[in-house]
Structure formats: C-alpha cells, structure tokens
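Me: I would like to go through this model and ask, for each label attached to it, what justifies the label.

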Amino acid sequence: MYMVHPHHDGNELIGQIFLTLPFVIALFLYVYAVILTQRRYQKQWPIYRIVFWFTGIICTAVSVIGPLAQLAVVDFRAHMMTHLLLGMLAPLLLVLAAPMTLLLRTLPVNKARLVTRLLKSRPLRILSNPVVAALLNVGGLWLLYTTNLYMLMHQHLVIHIMVHMHVFLVGYLFTISIIYIDLTTHRTSFTFRSVVLLLALAAHAILSKYIYANPPAGIIKLQAETGGMLMYYGGDAIEILLIVILCYQWFKSTKPREGFLQKQIISQ
C-alpha cells in the first residue's frame with residue numbers, strides 16, 4: 001500500500017499558493033522589464049526569450065499547483081513528473097530567457113552596478129561553481145529519495161515547501177553553472193564544466209536505477225519502478241538539451257572570428 005499521507009486540503013492549498021506566488025510575480029516583472037527595455041533601446045528584446053520565460057513559468061506552475069501537483073502527493077509517478085518539470089526543464093527554459101541580462105538592461109546604471117557587484121561576491125562565486133552546484137543539486141535528490149525525507153515532505157507543509165523550493169533553486173543554479181547565457185562573472189573552462197556535467201548526469205542516472213530497485217519509504221514497488229524509469233529517460237531527454245547547448249557554445253568559442261580570417265587571407 002502507498003503509505004504517504006497528503007496534507008489536509010486547506011494546508012495543501014496554502015502551500016500551493018505560497019509556491020506559485022513567486023513565479024506569478026516573476027512573470028509580470030519579466031513582462032514589465034521587457035516593456036521598459038524596449039522603450040530604452042532601439043533593438044527589441046528577442047521574442048524567443050519571452051517564450052522561454054513564459055514556458056518555464058508554466059512548467060513551474062504545473063509542478064506546484066493544479067491536477068498534477070495534487071496527484072503527485074499520492075502518486076510517485078506524478079511526483080517524478082513534477083521533479084522533471086520543476087528541477088530540470090523549467091530551470092533550463094528560464095535560464096535561456098536571460099533574466100539577469102534583461103534586469104541589467106532595465107535598471108538604472110547605479111543599481112545595475114550594485115547587482116554586478118553582488119554577482120561578483122564570494123558567496124555567489126562559491127555557489128556558482130559547477131562542483132558545488134552539482135553537489136547541491138544531485139546530492140539533494142539522493143537525500144530526498146534515500147531517506148525518510150520524501151515521506152516527511154508529504155506530512156509537513158513547511159518541509160513540503162522547502163523541498164520544492166530547493167529542487168527548483170539548485171536546478172537553476174546548476175544550469176547557470178554549466179551554460180553561460182547571462183552575464184557570468186565567475187567563469188570556468190568548457191572542459192571543467194563538461195566533466196562536472198557528465199559526472200552529475202551519471203549520479204542522476206544511478207539514483208534513478210536505485211529508486212527502481214529500492215523504492216523510497218512509503219512507495220509501492222510498481223510506482224517506484226515507473227518513477228525511476230521516468231527519472232532516467234525523462235532526465236536523459238532534458239540533459240541532452242543541456243549537452244547540446246554546452247557543445248554549441250564550446251564550438252562557437254573555438255570558431256575563428258571573421259576579421260581574423262580576413263587578416264590571415266590578406267597576409268598570405
């Protein structure tokens with residue numbers, strides 16, 4: 001039998017509203033920032049970045065409120081779908097929307113400088129290191145699914161909210177540590193990021209197989225097997241997108257500039 005007990009309906013509704021509110025605010029702030037930046041600059045903000053942001057916000061909202069989120073409380077398969085959306089796909093889409101670049105374009109110069117100094121701070125330098133971000137991301141998942149934390153998050157509203165926030169935030173942190181879409185003040189080499197990414201993907205895949213063979217506390221075997229397969233194959237699909245973007249950026253960085261090629265031709 002499935003042993004995880006959901007919250008009372010009232011508490012569950014409060015939790016969903018609390019989790020959804022930041023993303024609703026982020027949606028409107030992004031639109032407002034786009035309007036401001038397009039008034040200030042002649043070059044318009046790319047439509048595809050707006051689409052990425054809206055799609056990412058929708059993924060987060062579906063994960064924490066609505067039918068899928070409610071089903072995830074009592075069905076591990078639905079829970080794993082929310083994990084893929086909230087912790088992997090949504091962070092990637094939101095990163096591709098380049099929110100920090102938009103913010104810096106929108107803010108006055110003095111405030112933009114304050115944000116830049118914050119991005120250069122030592123704590124953010126540590127957190128944005130690919131190794132640290134990977135440990136927080138994948139390590140948190142191992143902790144969630146190999147201890148009683150998964151059961152506790154469905155019994156206590158505060159833990160429920162904290163786990164979902166952690167899954168999203170570390171997913172976003174890991175994504176920005178691997179692919180550089182926005183302004184990045186603490187850069188690491190492509191080789192280093194590639195190695196960390198491959199190790200993180202391996203740890204994620206091993207965890208999915210572990211879940212398949214060793215169901216989390218309170219989860220029946222059939223649901224654990226299906227959830228583990230969703231985590232493995234669904235995670236692979238999203239991870240392939242991350243790999244493609246990283247490889248493209250790597251290729252682009254090694255491509256000779258047009259001006260340099262012209263000089264070489266002239267000199268010959």
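Reply: A helix is a DSSP run of H or I with at least four residues, and helices are numbered from the N terminus. With that in place, and bearing in mind that this is a predicted model, α1 gives the most to the lining of the largest pocket, with 10 residues.

Me: What makes a residue part of the lining, and how many residues line the largest pocket?

Reply: A lining residue has an atom within 4 Å of a point of the pocket, and 44 residues line the largest pocket, with P99, M100, L119, Y172 and I176 lying nearest its centre. The volume of the largest pocket is about 1200 Å³. Besides α1 (9–40), the helices that each supply at least two lining residues are α2 (47–64), α4 (76–96), α5 (99–106), α6 (109–119), α7 (122–127) and α10 (157–178). By class, the lining of the largest pocket has 35 nonpolar, 7 polar and 2 charged residues.

Me: Which residues lie nearest the centre of the second largest pocket, and which helix provides the largest share of its lining?

Reply: The second largest pocket, with about 370 Å³ of space, is lined by 15 residues, of which Y180, I181, Y248, Q249 and K252 lie nearest its centre. The largest share of that lining comes from α12, with 5 residues, and α2, α11 (190–213) and α12 (221–254) each supply at least two. The lining of the second largest pocket divides into 8 nonpolar, 3 polar and 4 charged residues.

Me: Why is C59 called buried, and why does C247 count as partly exposed?

Reply: Buried means under 20% relative accessible area, and C59 has 10%, so C59 is buried. Partly exposed lies between that cut-off and 50%, and C247 is at 44% relative accessibility, so C247 counts as partly exposed. In the protein chain of 268 residues, buried residues make up 43%. The structure holds 0 disulfides.

Me: What makes a set of residues a nonpolar core, and which members of the largest core touch the most others?

Reply: The members must be buried residues of the nonpolar kinds, joined through side-chain atoms within 4.5 Å. The largest nonpolar core has 21 residues, of which L92, F174, I178, I179, L197, L242 and L246 touch the most other members. Two or more residues of this core come from each of α4, α8 (130–146), α10, α11 and α12. Another core, of 18 residues, lies apart from it and includes F23, V34, A98 and L102. Leaving out residues up to four places away in sequence, F174 touches A133, A134, N137, L197, A200 and L242.

Me: What makes an empty space a cavity, and which residues are closest to the centre of the largest one?

Reply: A cavity is a set of points where a 1.4 Å probe fits but cannot get out. The structure holds 3 cavities of 30 Å³ or more, and the largest has a volume of about 190 Å³. Of the 17 residues that line the largest cavity, G87, M88, N137, F174 and E239 are the closest to its centre. At least two lining residues are supplied by each of α4, α8, α10, α11 and α12, and the lining of the largest cavity has 10 nonpolar, 6 polar and 1 charged residues.

Me: How many helices and strands does the protein chain have?

Reply: The protein chain has 13 helices and 0 strands. Among its contacts with a separation of 6 or more, 78% are between residues 24 or more positions apart.

Note on methods:
Residues are numbered from 1 along each chain as its sequence is written. This is a predicted model: local features need pLDDT of at least 70, side-chain atom pairs count only at pLDDT 80 or more; totals for chains, interfaces and linings use all residues. Side-chain values use heavy atoms; hydrogens and water are left out. A disulfide is a pair of cysteine sulfur atoms within 2.5 Å. Buried means under 20% relative accessible area, exposed over 50%, partly exposed in between (1.4 Å probe, protein chains only). On a 1 Å grid over the protein atoms alone, a cavity is a set of points where a 1.4 Å probe fits but cannot get out, and a pocket is an open set with protein on both sides within 12 Å along at least five of seven lines; lining residues have an atom within 4 Å of a point. Grid points are joined across faces, edges and corners, and a volume is the space filled by probe spheres set on the points. Ala, Val, Leu, Ile, Met, Phe, Trp, Tyr, Cys and Pro count as nonpolar, Asp, Glu, Lys and Arg as charged, and the others, Gly among them, as polar. Contact means heavy atoms within 4.5 Å.
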